[in-house]
Amino acid sequence: MKLYNYFRSSASFRVRIALEIKGLPYEYLPVHLVKGEQHAPAYAQRQGDALVPALETDDGHLLAQSMAIIEYLEETHAAPPLLPPDALARARVRALAQMVACEIHPLNNLRVLKYLKHQLQVTDEAKDAWYRHWVRSGLEAYERQLALLAAERDGAGLPPSVYSWGDAPTLADCCLVPQIFNGQRFQVDMGGLPRTMAAFEACMQLPAFQCAQPSACPDGEG
């Protein structure tokens with residue numbers, strides 16, 4: 001498989017984590033978003049949205065959108081799983097993942113930040129304040145959801161979660177960890193998020209998350 005991605009892209013980071021957890025080898029193909037390489041005809045003509053990541057399968061199909069790519073990997077390489085075995089738990093995990101991928105990330109990706117700065121001509125300070133507000137409020141919601149799920153697990157006689165859900169990393173953690181990385185880069189306040197940060201710290205003890213992080217990428221920059 002080939003993965004077209006950018007080291008700082010949190011959507012790309014999600015897919016790298018999933019590939020590492022599942023132990024799947026892939027060729028790393030960098031697409032530098034800040035330099036606009038995603039708009040080069042050779043890439044953009046194969047990708048309707050000209051975004052990263054894109055995964056080229058062994059038989060040459062090009063898949064778009066990180067969540068669809070991860071679900072594809074889950075369906076084609078079931079072990080180790082990124083979703084729990086029962087339907088209710090899978091819904092819980094997907095909801096957590098979508099809190100990041102659908103609620104936090106779209107407001108703060110590179111295209112939005114560039115539009116704020118260049119088209120709307122907001123200052124760097126205002127742009128960064130926008131970023132911090134939406135990441136912080138989104139993570140506070142994630143924290144509240146983890147508290148609700150902890151009470152649900154306790155009521156069902158299940159042990160406390162080590163990660164976002166349960167005792168193994170899931171799709172939710174594939175989304176959470178990159179968002180924390182990006183938030184820390186923009187100096188978002190991570191205080192008062194004990195469950196969220198405990199899940200993050202547990203993930204970062206695992207080789208899969210270490211190998212997938214931006215500083216480990218061949219196109220990584222300081």
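# Reading the labels on a predicted fold

Guide: Let us start at Q210, which sits in helix α9. Please keep in mind that this is a predicted model.

Visitor: What makes Q210 partly exposed?

Guide: The relative accessible area of Q210 is 35%. Buried would need a value under 20% and exposed one over 50%, so Q210 falls in between and is called partly exposed. Beyond its neighbours within four places in sequence, Q210 touches M204 and A216. D189 is 21 residues away from Q210 in sequence, and their C-alpha atoms are 22 Å apart.

Visitor: Which helices help to cover the buried residues of α8?

Guide: The cover includes α6, α7 and α9, the last spanning 207-212. The buried residues in α8 are T196, M197, A199, F200, A202 and C203.

Visitor: How do you know that F200 is buried?

Guide: Its relative accessibility is 6%. The limit for buried is under 20%, so F200 qualifies.

Visitor: Why are α6 and α8 called roughly perpendicular?

Guide: The axes of α6 (residues 124-155) and α8 cross at roughly 90° and come within 7 Å. Angles of 65 to 115 degrees count as roughly perpendicular, so the label fits α6 and α8. On the α6 side the contact involves L139, Y142, E143, L146, A147 and A150, which meet P194, R195 and T196 of α8.

Visitor: How many aromatic pairs does a search of the whole structure find?

Guide: Six aromatic pairs turn up. One of them joins F13 and F181, with 5.2 Å between the centres and 80° between the planes.

Visitor: What makes the pair of F13 and F181 edge-to-face?

Guide: Two values decide. The centres, 5.2 Å apart, lie within the 6.5 Å limit for a pair. The planes are 80° apart, and over 60 degrees counts as edge-to-face. F13 belongs to helix α1 (residues 10-21) and F181 to helix α7 (residues 171-185), so this pair ties together parts that are 168 residues apart in sequence.

Visitor: Why is the pair of F181 and F200 given a label, and which one?

Guide: Here the ring centres are 5.9 Å apart and the planes stand at 65°, so this pair is edge-to-face. The angle is over the 60 degrees that the label asks for. With F181 in α7 and F200 in α8 (residues 194-203), the pair ties together parts 19 residues apart in sequence. Ring pairs thus link F13, F181 and F200 into a cluster.

Visitor: Is F13 buried or exposed?

Guide: F13 is buried, with a relative accessibility of 2% against a limit of under 20%.

Visitor: How do you know that the charged end of R153 sits over the ring of W165?

Guide: The charged end of R153 is 4.7 Å from the ring centre of W165, and the distance criterion is within 6 Å. The charged end is described as sitting over the ring.

Visitor: What makes β2 and β4 the edge strands?

Guide: Each of them, β2 (27-30) and β4 (62-64), pairs on one side only. The open sheet has four strands in the order β2-β1-β3-β4, with mixed pairing. From one strand to the next, the twist averages 20°.

Visitor: How do you know that β3 and β4 pair?

Guide: Three bridges join β3 (residues 54-56) to β4, in the antiparallel sense, and at least two are needed. L55 has L63 in β4 as its bridge partner. Helix α3 (residues 66-76) lies across β3 and β4, at about 125° to β4.

Visitor: What makes the backbone at A50 and Q65 worth a look?

Guide: Most residues other than glycine have a negative phi. A50 has a positive phi of about 50°, and Q65 has one of about 70°. A50 lies in the loop between α2 and β3 and is buried at 10%. Q65 lies in the loop between β4 and α3 and is partly exposed at 46%.

Visitor: Which peptide bond from V52 is cis?

Guide: The bond from V52 to P53 is cis, with omega near 5°. P53 is in the loop between α2 (41-44) and β3. Another cis peptide bond joins A79 and P80, with omega about -10°, and P80 lies in the loop between α3 and α4 (87-104).

Methods:
Residues numbered from 1 in each chain as written. Predicted model: local features only at pLDDT ≥ 70, side-chain atom pairs only at ≥ 80, totals over all residues. Heavy atoms only, no water. Phe/Tyr/Trp six-rings, centres within 6.5 Å; stacked < 30°, edge-to-face > 60°. Helix = DSSP H or I, 4+ residues; strand = E, 2+ residues; numbered from the N terminus. Buried < 20%, exposed > 50% of the residue type's maximum accessible area, 1.4 Å probe, protein only. Lys NZ or Arg CZ within 6 Å of the ring centre and 35° of its normal. Axes fitted to C-alpha atoms, helices over the stretch in contact; angles between N-to-C directions. Contact = heavy atoms within 4.5 Å. Parallel < 35°, antiparallel > 145°, perpendicular 65-115°, else oblique.
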